[in-house]
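This briefing introduces the interior of a protein chain, together with an annotated region and its cysteines. Please keep the structure in view while reading.

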Amino acid sequence: MAEAALTEEELMQKHKKERKELQAQIQILKKSICKGDKKKKKEITEEIGRLEESLEKRHVEELNTRRLANVTLNDKQTEPVEANEEISKDNCSEQSAHRVSKAQKRREKKANAEKERNQKIIEQEALNVFGKRNVEIEAIKKILSERDLMIYEIPSDGHCLYNAVAHQLKINGETPLSLHDLRTKTADYLRENMNDFLPFLSNPDSDDLLTPDEYEKYCNDVAETSAWGGAVELQVLSRILKCPIEVIQATGAPYIIGDDYSNGKKVILTYHRHMYELGAHYNSVTKLQDEES
């Protein structure tokens, strides 16, 4: 049976069966891994990821094609009945024909609007699956799952870096510090070590290095506002807490700030470039089994 001939319900059942078959295939692949063979495990994990992504992409495309076909079919079935009847009536007045013509235009306009709306819904569903935000999140989740970790979501309010670090300190059993504590300590450290950080800060409007007055305002913003924290603040927080901060991102290897600290403590964050329209975002992480328990 051709895909276009399937109803949407039949297509969903077909997809469900294919997903079940893929899971059986995945179990076979997992069982083929010898205990302790890390290279084989990595290869199989990557292969499973490719199989799952390929199947999901094909399912979305088939579903979109089916819905588009349904929209087109419904559009063709919308016929101006009154207009056809009008042609068969030789004694209808010109005024009556004019009224039918307006009614036909209204129906056509309504049908076209409905078709455009359905098309936008289908396109948005595809974007939700293959858009930058979702692709990035899935990539980070995959990296974390290999380390038995999961994303712990932090609100996007300008304080995400400090709140993510505060959460890490809490779950690691360290001295609890609020975002306001962390902001104040960061600002104080920046003021005390201006020569270390001033060369890395510039005016966003002119690209010139900050003047001493501008640097002081920068420090005040760190302490008193919801100014977003970035690379400079990560460096400062690592020094304040005397521990490395590992940042996991969708592409490239995780990078570590303060890797010279070797006291066993570590803060782990995730960095998202596409999570929100306003800009980059930091989340914390937690143990995977915490969600499952």
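A nonpolar core is a set of buried Ala, Val, Leu, Ile, Met, Phe, Trp, Tyr and Cys residues joined through side-chain atoms within 4.5 Å. The model examined here is predicted. In this model the largest such core holds 33 residues.

**The largest core**

- Val165, Leu182 and Leu269 touch the most other members of this core.
- Two or more residues each are given to the core by helix H6 (160-171), helix H7 (179-192), helix H9 (212-224), helix H10 (231-241), strand E2 (245-248) and strand E4 (267-276).
- H6 provides the largest share, which amounts to seven residues.
- With neighbours within four places in sequence left aside, Leu182 is in contact with Tyr162, Val165, Ala166, Leu169, Leu177, Leu237 and Leu241.

**A second core**

- A separate core consists of eight residues, among them Ile137, Leu144, Ile268 and Val285.

**The annotated region**

- An unreviewed UniProt entry annotates residues 5-32 as a "coiled-coil region".
- In the model, the chain over residues 5-32 is 86% helix and 0% strand.
- The C-alpha atoms at the two ends of residues 5-32 lie 39 Å apart.

**Cysteines**

- A disulfide is a covalent bond between the sulfur atoms of two cysteines.
- With a disulfide taken as a pair of cysteine sulfur atoms within 2.5 Å, the count in this model is zero.
- Cys160 is buried, at a relative accessible area of 2%.
- Cys219 is also buried, at a relative accessible area of 0%.

Conventions. Residues numbered from 1 in each chain as written. Predicted model: local features only at pLDDT ≥ 70, side-chain atom pairs only at ≥ 80, totals over all residues. Heavy atoms only, no water. Buried < 20%, exposed > 50% of the residue type's maximum accessible area, 1.4 Å probe, protein only. UniProt positions renumbered as here; feature names shortened; annotations may be inferred. Helix = DSSP H or I, 4+ residues; strand = E, 2+ residues; numbered from the N terminus. Contact = heavy atoms within 4.5 Å.
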